[in-house]
Amino acid sequence: MADEIKYEYKTMQTVRGTDGLVTSRMQKDGWELVEQAQGTLRSTLNFRRPKKSQPWLLIGSVAAVLVTLAIVIGAASALSSGGEKKDESDESTTAGSEKPSATPTPTAAQSAATEVITPLNNPEFAALLKADDCDDANLDFANRHEGQTVAFNGSIVNMAPRDDYDTRYDFLLGPGDEGPKTTAGPAFKYEDVNISDLRLTGKKIPATVATGDKFRFVATVGEFNADQCLFSLDPVSTEVR
């Protein structure tokens with residue numbers, strides 16, 4: 001039928017607890033949730049939305065205009081290039097007068113690479129900890145600072161066994177002290193780690209950890225998954241607060 005609606009489909013994996021946020025973001029882009037399957041830690045969300053019809057007539061008209069414009073520009077360029085000649089002596093003088101740009105000293109570069117980013121010394125990171133977990137600021141920060149170290153006060157939003165393991169977990173972390181009730185900031189993720197990987201420190205080190213526990217997290221910046229709104233980190237140390 002000519003009027004039959006054609007759909008495009010998209011499947012996404014989310015961490016339990018972030019399903020609503022991801023669904024809301026997808027619905028803003030016109031996607032409809034058609035199926036949801038929940039696992040121990042992750043949920044599978046299936047979406048669909050009507051395919052947009054292609055305005056072929058408009059595309060053809062624009063293409064014709066662009067071709068005509070290219071011909072006009074090419075002709076003008078050919079005419080103007082015939083009357084222009086480069087002064088080689090001027091080019092030689094200019095090249096000789098150029099000076100190499102200053103480069104950072106090794107000491108300064110090494111210092112920048114080893115500096116730990118905190119909300120106090122980095123306004124960008126301070127703003128990120130208050131932003132929405134799907135905000136573009138997450139991707140921007142991850143791209144600029146991947147591999148660098150960050151430190152912040154936070155809590156465990158959720159933790160669940162990794163696959164069939166009894167001693168390995170996936171952690172969902174959030175800034176602040178609200179644990180599962182955290183509503184602001186990135187959804188930081190530690191994936192497939194055991195308790196010893198957290199490198200617990202502090203005056204009173206617990207034998208294990210649980211959802212809601214508060215820590216001073218020090219971690220290495222990883223990638224940001226824009227589809228799942230998850231910000232990957234690798235643990236460096238975890239100080240009990």
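**Entry 1: a buried start**

I opened with Val22, which counts as buried at 0% relative accessibility (buried means under 20% relative accessible area, exposed over 50%, and partly exposed in between, with a 1.4 Å probe and protein chains only). I keep in mind that this is a predicted model, where local features need pLDDT of at least 70, side-chain atom pairs count only at pLDDT 80 or more, and totals for chains, interfaces and linings use all residues. Residues are numbered from 1 along each chain as its sequence is written, and side-chain values use heavy atoms, with hydrogens and water left out.

Val22 sits in helix α1, residues 19-28. Here helices (H or I, at least four residues) and strands (E, at least two) are DSSP runs, numbered from the N terminus. I then looked up a partner far along the chain: Val22 and Ala226 are 204 residues apart in sequence, yet their C-alpha atoms are 9.8 Å apart in space.

**Entry 2: the core**

Next I asked myself which residues touch the most other members of the largest nonpolar core. They are Phe125, Phe171, Tyr190, Val209 and Phe231, out of 27 residues in that core. β9 (214-225) gives the most to this core, with 5 residues. Elements that give two or more residues include the helices α5 and α6, and also β5 (149-161), β6 (169-175), β7 (188-193) and β10 (230-240). For my own record, a nonpolar core is a set of buried Ala, Val, Leu, Ile, Met, Phe, Trp, Tyr and Cys residues joined through side-chain atoms within 4.5 Å. In soluble globular proteins, nonpolar side chains tend to be buried together.

**Entry 3: salt bridges around Arg162**

I found 11 salt bridges in the structure, each a side-chain nitrogen of Lys or Arg within 4 Å of a carboxyl oxygen of Asp or Glu. Arg162 drew my eye, as it counts as buried at 15% relative accessibility.

Glu191 forms a salt bridge with Arg162, with the closest N and O atoms 3.0 Å apart. This pair links distant parts of the chain, since Glu191 is in strand β7 and Arg162 in the loop between β5 and β6, 29 residues apart. Glu191 is partly exposed, at 36% relative accessibility.

Arg162 also meets the side chain of Asp163 in a salt bridge, at 3.8 Å from N to O. Asp163 is exposed, with a relative accessible area of 56%.

I then turned to Asp197, which forms a salt bridge with Arg168, the closest N and O atoms being 3.6 Å apart. Asp197 lies in the loop between β7 and β8 (200-201) and Arg168 in the loop between β5 and β6, so this pair ties together parts that are 29 residues apart in sequence. Both ends are partly exposed: Asp197 has a relative accessible area of 25%, and Arg168 has 23%.

Which residues do salt bridges with shared partners join into one network? My list reads Arg162, Asp163, Asp170, Lys189 and Glu191.

**Entry 4: two positive phi angles**

I checked the backbone for positive phi outside glycine. Asp192 has a phi of about 55° although it is not a glycine. Asp192 is found in strand β7 and is partly exposed, at 30% relative accessibility.

Cys229 is not a glycine either, and its phi is positive, near 60°. Is Cys229 buried or exposed? Cys229 is buried, with a relative accessible area of 1%, and its place is the loop between β9 and β10.

**Entry 5: two more pairs across the chain**

Lys203 is in the loop between β8 and β9 and is exposed, with a relative accessible area of 91%. I noted its C-alpha at 8.8 Å from that of Glu239, with the two positions 36 residues apart in sequence terms.

Pro175 is in strand β6 and counts as buried at 12% relative accessibility. Its C-alpha and that of Lys130 are separated by 8.2 Å, while the two residues are 45 apart along the chain.

**Entry 6: Asp135**

I closed with Asp135, found in the loop between α5 (123-128) and α6 (136-145). Asp135 is partly exposed, with a relative accessible area of 35%.
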